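I opened my notebook to get to know a structure that was new to me. Here it is, so that you can follow along.

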Amino acid sequence: MDLLDHLPVLVVIMPLMSAPLCVLFDRARPAWLVSMSASWLSFAAAVYLLIQVSRDGTISYRLGGWAPPWGIEYRIDLLGAYVLLIVTAIAALVMVFARRSLEKEIPADRIARVYAALLLVFAGLTGITATGDAFNVFVFLEISSLASYAVISMGRDRRALSAAFQYLVMGTIGATFILIGIGLLYMMTGTLNMLDLAARLPEVADTRTVRAGFAFLTVGIGLKLALFPLHLWLPNAYAYAPSAVTAFLSATATKVAVYALLRFMFGVFGAEFSLNKMPFDLILMVLGLAGILSASLVAVFQEDVKRMLAYSSVAQIGYMVLGISLASNTGVSAAILHVFNHALMKGALFLAVGALAYRIGAVTVSSIAGLGRRMPWTVAALVVGGLSLIGVPPTAGFVSKWYLVLGTLEQDLWPVALLVLIGSLLALAYVWKLVEAAYFAEPAADAAAVREAPLSMLIPVWALVIANLYFGVNTQVSVGVARQATDLLMGGGG
Amino acid sequence: MSELPGLYNYWVTVFLMMAGFYVVISQGNLVKKLVGLAIFQTSVFILYISLGKVAGGNAPIFDATITVYSNPLPHVLILTAIVVGVATTSVGLALVVRIHEAYGSVEEDEIQAKDQHDEESQWEAGSERQADDR
Amino acid sequence: MSGAPLLTWILLVPLLAAIGVVFTRNRPNVRETVTVVAGIVLFLLVATLAATISWDQPPTLVLAEPVHGLALALTPEPLGMLFALVAGFLWPVTSVYAIGYMRAHHEQNQTRFYTAFAVSICAAMGIALAGNMLTLFVFYEILSVATYPLVTHAGNEQAKRAGRLYLGLLMGTSIGFMLLAMIWTWQLTGTLDFTPGGVFGNNVSSGVLSALLVLYVFGAGKAALMPFHRWLPAAMVAPTPVSALLHAVAVVKAGVFTILKVSVYLFGIDRIAELPVSSWLAALAGLTILLASFVAMTKDNLKARLAYSTISQLGYIVLGAMLGVTAGVIGGGMHIAMHAFGKITLFFCAGAILVAAHKTKVSELDGLGRRMPLTMLAFLIGALSIVGLPPFGGTWSKWLLVQGTLDAGFWVLTGVLMLSSLLNVMYLVSIPVRGFFRAPASQGDGIREAPTASLIAIAVTTTGCVLLFFWAEPLYRLAGGIVR
């Protein structure tokens, strides 16, 4: 076996092993270099994996050479490779951004540890995506969660601490639910390998144990996903975490949770069980819509920009869940597509906000007044990201809205389609609050001294902005892969 | 009803779980919350451990005379989960220490009151700024 | 150069102009030269396209394919060509006017102004030449966003409020209704290409079609059909060149153009005629025509009066589209051009009066005709053209629209059009009459004619009003191609 065959595990191992290295160096510069190389190498690996998977089909990797279902299997199918690409790409860009941003927001002696924790979050997320073993999902979930509690608490505001604690309590309850769910499944089937589970579950599907397991798993993942009404931890956590951390988490963590939900719903339990035997589609649809409308509405009234975007994230998760609840090919592929596009737009937005924070400290609607002239590139990025969030063509957000509405109309659910579009209009309301403040409000007295953000921050921001525009126009990769992945997923098996 | 005593391990699990969950919800003291959380997690460990027991089975040590083994896998799994649990508790406690440093309290309501205060002053700063603009 | 490369350049020239404006921001003379030259080049390109195109095999330019099987593509057809010609001709004229106006008025942020203006024109070209509904929608939204900074140009609280209303209504209707209708159409038919005769097969029930038509008509909020008309008067806080080109030509015409295009190429005229809902929509358009005229009479602010007049005139075109007869569609198409020339003249004059005499109210204009005879004369001609009196261009389109209502058998609407013409006389023609025949309020206030650049532009559009009466033939032939 040459090195390339080990890529499925290397994607996880590289960040995992780099994390202690950062702590050993314990100085900002080398820690940053280590993180950069780990994330960019992972990104390269993910690109290679996606190409390989779309060429040769699903990759199965035996950890330590033990054959599944006894050994732990790493299994990367098209969807997994797609999500891996999103996570690693965002990580790579955020690392570029993080150097200046963390220098500003974190005391110098702690920066290296923030990198270490970020890498652990990263490793956990790639692990969830790559593994084909249900218990492994739990372990990686906890690795990423524990590390994220730690990084969130590093925020400048003391409210970051209480936000992190709240997240810790809710996150742990969620993770324990997942653990129970996996335990119940194991009890009935005696296996933890997802593929094996999928094969054995139909025999015992009609038992209360399996149904309870399903419920525990989905509630647990729902907590991690910040599915309405389990989203309470998210706004504060995102609002007070360091900017680079928020950007990374918002663009990746919830996406991986969506991936896990898809994995369990369609890959393990199968669409037949999840949607026909359990009234799951209806529940998800109602919760998704409630999330879209309520969170968007709350976002309109936020003063703190990060908090506003955090509520918007809850709403966007609503869109993804709504897509899943349609249970049609179009719906699920719209959800997967939105996972991708939302990572692009929220990544761009939170990075742009981070760049603003670098110059002006707390980013509120009134503190960005008149900055359109002082920081034209950053604010322009904010505008494009915002337009993508609303779903204005030709941005990536438009394409996801298109498929989502198409999915609802296919099933004649046009009231739902209308609600989705109303959600877009609410997004218009909160995004435009920012635009108006940045361009048309009188700048504060001290704004004259504000300069454009440094280049090392602008490059990642604009890389994502351009991606937003590019994937709004050329959707061959984003839509194509989402469709194929859906076919694989809905066709049964993982 | 005859199943009840036979399934006592589940009853233990459910009791511990609910007790832990109740503590998490009802207690305002952050340390006590963490204790509740630990109990909550522990209940699941017991669930797993009791799963592995096979009636009449022996410890899984290879020996020619033994034909029925207990399943060792859940125990191994739960070893990992215990490590996770310990890590969670320690991260939680570390957070509590820092919360105490920052807020001077570990009572949830007092912290919330202070958060509320922070929030309001931020709003006021914002609206003052807007007022200045006009 | 012909065909697809020509289409590429039609989109690129305004964009390049926008970039050029940004780079020459420190030298106003160069900056304005860039705009005017780009405008002339653009018009020449559009004219070349119109002259060389073969309607049997129109060139197609595929920009991208964002949705599988649905491309962003430009394919010119007669109606779009007409719109492109009008917008392409009036852009350089307005630019010349703007130079005089913006400088005389000492406006701030002129670079932003010219940049956003050029991007808006690019979007208008995209709308005009769009080969399918998706492309049209994409450029429609770009136009909304690009014109927003123009509306809020003044930057004060009133402008911001207007901007909010502007964007809220335009994006609200387009995302809430038009996008929904579009995806619904796509789901039903699997195509959004503009096809002569429509895309809906017989399997689509007329109930669904009615719902779709309503969604499309209200989705095109830029058409300012009541009750979604409020943004247009609000947008009058913008500098006058913006009101002139965008809120009398490009933006509002993009709205009615969308409605025309949807009725002709997605529904098909015959299908429209069959739908009962279309007569309701025509009646609503008639109501808009009358109500807006009445509101216009009560407005003392000159630009506000012109804005309501525009709402009323847009109603004509919507009416034409909803009649479901050939004459209505051709009349509507021609009215796009005729009203554009007439109304832009009126706005130019209003702006000229503002910069030269600092007057914004109709009641202040007494006797101004003696100080600014050229401006007032132009205003009179523009007003008469909009009323529909010969020898001015507006005659023909009104003629055709009246004929359309007769063909469709809507006697009431014929009456509405007639009444509206009378109202036009009252609230538009009365203004220059006042200017010429009433005695001025004060003597010797030193008011002189408008800046030369502005006067040149006014002269061009006024001449256009007259020429379009005698030279309506090419326009008619072009518009006639819509229903061929």
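These entries go from the overall build of one chain to two of the spaces in the structure.

**Entry 1: what I am looking at.** I noted at the start that this is a predicted model.

**Entry 2: chain A as a whole.** I began with the secondary structure and found 19 helices and 2 strands in chain A. Next I looked up how compact the chain is. Its radius of gyration is 21 Å, close to the 23 Å from the globule rule for 494 residues, so chain A is as compact as a globular protein of that length. I also took the box around the C-alpha atoms of chain A, which comes to roughly 70 × 55 × 40 Å along the principal axes.

**Entry 3: inside chain A.** How much of chain A is buried? I got 69% of its 494 residues. Then I turned to contacts in chain A between residues at least 6 apart in sequence, and 79% of these join residues at least 24 apart.

**Entry 4: cavities.** I wanted to know how many cavities of 30 Å³ or more the structure holds, and the count is 6. I picked the largest cavity for a closer look and read off about 150 Å³ of space. It has 15 lining residues, and those nearest its centre are A:Leu125, A:Ser144, A:Tyr167, A:Lys224 and A:Ala253. Which elements supply at least two residues each to this lining? I listed helix H4 (111-130), helix H5 (134-152), H9 and helix H10 (243-277), which belong to chain A. Sorting the lining by class, I wrote down 11 nonpolar, 3 polar and 1 charged residues.

**Entry 5: the second largest pocket.** Here I found a volume of about 830 Å³. The lining of this pocket has 31 residues, and nearest the centre I marked A:Gln166, A:Leu232 and A:Asn236 along with B:Glu108 and B:Gln112. On the side of chain A, the elements that give two or more residues are helix H6 (159-189), helix H8 (208-225), helix H9 (233-240) and helix H12 (305-326). From chain B, I added helix H2 (8-26), helix H3 (30-51) and helix H5 (108-133).

**Entry 6: who gives what to that pocket.** Which element has the largest share of the lining of the second largest pocket? It is H6(A), with 9 residues. In chain B, domain 1 (3-103) and domain 2 (108-134) each provide at least three residues of this lining. By class, I counted 19 nonpolar, 6 polar and 6 charged residues around the second largest pocket.

Notes
Residues are numbered from 1 along each chain as its sequence is written. Chains are lettered from A and ligands numbered from 1 in the order in which they are written. This is a predicted model: local features need pLDDT of at least 70, side-chain atom pairs count only at pLDDT 80 or more; totals for chains, interfaces and linings use all residues. Side-chain values use heavy atoms; hydrogens and water are left out. On a 1 Å grid over the protein atoms alone, a cavity is a set of points where a 1.4 Å probe fits but cannot get out, and a pocket is an open set with protein on both sides within 12 Å along at least five of seven lines; lining residues have an atom within 4 Å of a point. Grid points are joined across faces, edges and corners, and a volume is the space filled by probe spheres set on the points. Helices (H or I, at least four residues) and strands (E, at least two) are DSSP runs, numbered from the N terminus. Ala, Val, Leu, Ile, Met, Phe, Trp, Tyr, Cys and Pro count as nonpolar, Asp, Glu, Lys and Arg as charged, and the others, Gly among them, as polar. Domain bounds come from an automatic or database domain assignment. The radius of gyration is taken over C-alpha atoms; the globule rule is 2.2 Å times the number of residues to the power 0.38. Buried means under 20% relative accessible area, exposed over 50%, partly exposed in between (1.4 Å probe, protein chains only). Contact means heavy atoms within 4.5 Å.
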